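User: Hey, got a minute to walk me through this one? I'd like to know what the contacts look like.

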Number of protein chains: 2
Amino acid sequence: MQIPYQQLQQFTEDVFLKMGCSPQDAAQAADVLLAADLRGIDSHGVARLIGYVRLWEKKRINTKPNIRIVHESPSTAVVDADEALGLVAAPRAMEIAIQKAASAGTGWVAVRNSNHFGIAGYHAMLALPHDMIGQAMTNASPLVAPTFSAERLLGTNALALAIPAGSEPPFVADFATTTVANGKLEILQRKKETAPTGWIQDQYGQPTQDPTALSQGGALLPLGSERERGSHKGYSLGAWVDIFSGVLSGANYGPWVPPFVSFLAPLDDLPGQGIGHFVGAMRIDAFRPANEFKQHMDQWITRFRTSKTVDGQEKVLIPGDPEREMEATRKETGIPLLEPVVEDLQSLAERFSLSFLG
Amino acid sequence: MQIPYQQLQQFTEDVFLKMGCSPQDAAQAADVLLAADLRGIDSHGVARLIGYVRLWEKKRINTKPNIRIVHESPSTAVVDADEALGLVAAPRAMEIAIQKAASAGTGWVAVRNSNHFGIAGYHAMLALPHDMIGQAMTNASPLVAPTFSAERLLGTNALALAIPAGSEPPFVADFATTTVANGKLEILQRKKETAPTGWIQDQYGQPTQDPTALSQGGALLPLGSERERGSHKGYSLGAWVDIFSGVLSGANYGPWVPPFVSFLAPLDDLPGQGIGHFVGAMRIDAFRPANEFKQHMDQWITRFRTSKTVDGQEKVLIPGDPEREMEATRKETGIPLLEPVVEDLQSLAERFSLSFLG
């Protein structure tokens, strides 16, 4: 089923309004979720809407939050999100980072007491119109085993970087610090297919290709897959995101990050509050004139994009290319929704006396 | 051959003095090189000393540099290294970053017109005694093919992060953004062994296990190895380091980064000056009280280190553990040097009328 994105965005906004969000927050949260659907990251879009509703029903999301700075310096701040939707807290944190960068050259904001913030790329890209480089990262509930560990201690801990260019589109990298995101495993499970090697291990830490291993105590593998191929580097990256998002902010970290699914309760004796994010903005002209920088970014992008390809590949991609192309397509054709997602959205329509699809 | 590190460090310092470095610069440069040997990163230690000498002979390294800030804001600076040894320029840049962080909360310094800076971890760790988090990255001459490319467009582009803890040792990640560093391939070539899959591709971009492929137009692969295992993420990371080090600073970038080996001349029409670095320091208490942060880091580290291991593995490592253990050992036993490295050092002793090994 394909649905025009504006229609889906309006419905999503209406659901957030019914949850008690302010009109501004509801519009912001819907914008972040739809950005994921438009950019082809279906696992982080409206498919998650029911998850946010269930967390709100369990009183783990506060739709009337008092999001506030609790500590700051000229180039830094820590924000307590007051259990807000991460979809609302992260753009607010990014706004503070951008203000700090305007005066101090760079701005870095750690957020605690938050919830899942959607796609990291959305928040990083907020810096672009200001001629700034944007960064965004978040920790997440544990699904990933560090190198040599049989336990799940890290989330898929996403990392995004957005860099302005001149006449070329911006460079936008946005990725989980694992070999693959969890969404790809779910698709394989649905299709009853096996996973490629290097994606997962079983509950004993042995390699497996069974995509159901994750629900039986197994784990996703860090980027690099195996020690011999540098999995300790992927583990280091995931740890980096976890420590910046969780330890620096006063949020939870490692195995204590609260689960997104409402049927799992957070652990006892939590070391922090909620989940954490870390966002940053760097003013280009705090380093060199922005137009000069952008000309060089154009040269960088052009050189890479026109490089000689491996046989069978059309061109070398710049990070952000596939998502931008998908967005252009889906703005025309609408958002394709899987049947289970449609059912979830219909149940939300019923729950909140809204009309879904007229 | 094992040599006491103090003796090797003194010899290295003497070589830099003979090249015309000031006593302070010679001591600094030797300290960075020996840190690599002590920490077990042999490819980046005294094995490279002759390479620096050859670049100096070609007038591509200036041992009397005027390293200066050419642009700054409260939390940023751009430094022109005046063709200095990166071994000298990077600690100077880190000092500026630490000063900026003391007043603005964070400090970020992009360096242009520099040369190879040794191990990234050394520079990042300079922040630790100040209760700051340190970051350091550098671009390097092209050996790595982006996903889908048959060309070498990126260096092994290292990235380091040092985070203070309390009673635990600090978290120190320091890694190339490729599956493996080039040094490991050189070892395989010497032993006439094949490489594991996922490390290299041949000149057409096809997978190969021949470690000599790199000298025949092949390339190292980004962390992740293949598209299916997330090589586009390793490519994004390498690009990140390249753009921060090269484009933000006004240094060269991508395929234009000048080669470390003196027998290869830089390309024509360079877009920038020398190679580039990017370093940063973040004051912990610009986010939360340092002792509180360190207690949580201790909890993080302890939880990960004591997690259940995969069968056959003794324990889960924290980034920095292997290097710290190696350093303790080598301070006792001395630095093991391969015969070709001893020969290089002996030729330097002759060249500069120095005594190597008494």
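Analyst: Sure, here is a run through the interface, the salt bridges and a couple of buried spots.

User: What should I know about the ground rules before we start?

Analyst: This is a predicted model, so to speak of local features a pLDDT of at least 70 is needed, side-chain atom pairs count only at pLDDT 80 or more, and totals for chains, interfaces and linings use all residues. Residues are numbered from 1 along each chain as its sequence is written, chains are lettered from A and ligands numbered from 1 in the order in which they are written, and side-chain values use heavy atoms, with hydrogens and water left out.

User: OK. How many residues does each chain put into the contact?

Analyst: Chain A gives 90 residues and chain B gives 92 residues. Contact here means heavy atoms within 4.5 Å.

User: And what area is buried between chain A and chain B?

Analyst: About 7,700 Å², with carbon and sulfur atoms giving 65% of it. Buried area is the accessible area (1.4 Å probe) that two parts lose on being put together, summed over both. Within the area that chain A buries against chain B, Phe148(A), Arg229(A) and Phe287(A) supply 11%, more than any other three residues.

User: How many polar contacts and salt bridges cross over?

Analyst: The rule finds 43 residue pairs in polar contact across the interface, both residues at pLDDT 80 or more. A polar contact is a pair of N or O atoms within 3.5 Å; within protein, one must be able to donate a hydrogen and the other to accept it, and residues adjacent in sequence count only if both atoms are side-chain atoms. There are also four salt bridges across the interface, a salt bridge being a side-chain nitrogen of Lys or Arg within 4 Å of a carboxyl oxygen of Asp or Glu.

User: Which element gives the largest share of chain A's side?

Analyst: That's helix α7 (residues 231-247) of chain A, with 11 residues. Helices (H or I, at least four residues) and strands (E, at least two) are DSSP runs, numbered from the N terminus. By residue type, the side of chain A that touches chain B divides into 49 nonpolar, 29 polar and 12 charged. For that split, Ala, Val, Leu, Ile, Met, Phe, Trp, Tyr, Cys and Pro count as nonpolar, Asp, Glu, Lys and Arg as charged, and the others, Gly among them, as polar.

User: How are the two copies related?

Analyst: A rotation of 180° with 0.0 Å of shift along its axis puts chain A on chain B, at an RMSD of 0.0 Å. The copies are thus related as by a two-fold rotation axis. In chain A, Gly224(A) has the C-alpha nearest the axis, 2.3 Å from it. The superposition is by least squares on the C-alpha atoms of residues with pLDDT of at least 70 in both. Also, 100% of the interface residues of chain A are interface residues in chain B too, so the copies meet through the same surface.

User: Back to salt bridges. How many in the whole structure?

Analyst: 32 over all chains. One of them pairs Glu151(B) with Arg303(A), at 2.7 Å from N to O. Glu151(B) sits in the loop between β5 (132-138) and β6 (158-163) of chain B and Arg303(A) in helix α8 (residues 290-305) of chain A, so the pair joins two chains.

User: Are those two buried or exposed?

Analyst: Partly exposed: Glu151(B) has a relative accessible area of 21%, and Arg303(A) has 23%. Buried means under 20% relative accessible area, exposed over 50%, partly exposed in between (1.4 Å probe, protein chains only).

User: What about Asp321(A)?

Analyst: Asp321(A) forms a salt bridge with Arg305(A), with the closest N and O atoms 2.8 Å apart. Asp321(A) lies in helix α9 (residues 321-333) and Arg305(A) in helix α8 of chain A, so the pair ties together parts that are 16 residues apart in sequence. Both Asp321(A) and Arg305(A) are buried. A network of salt bridges links Glu168(A), Arg305(A), Asp321(A) and Arg324(A).

User: Switching topic: where is Leu87(A), and what touches it?

Analyst: Leu87(A) is in helix α4 of chain A, and Leu87(A) is buried at a relative accessible area of 0%. Among the residues touching Leu87(A) are Phe16(A), Val32(A), Tyr52(A) and Phe117(A).

User: Which residues of helix α3 of chain A are buried?

Analyst: In helix α3 (residues 49-57), they are Leu49(A), Ile50(A), Gly51(A), Tyr52(A), Val53(A) and Leu55(A). Their cover includes α1 (5-18), α2 (23-38), α4 (86-104) and α10 (339-351) of chain A. Just after α3(A), Lys59(A) takes a positive phi of about 60°.

Conventions:
Lists of a residue's contacts leave out its neighbours within four places in sequence.
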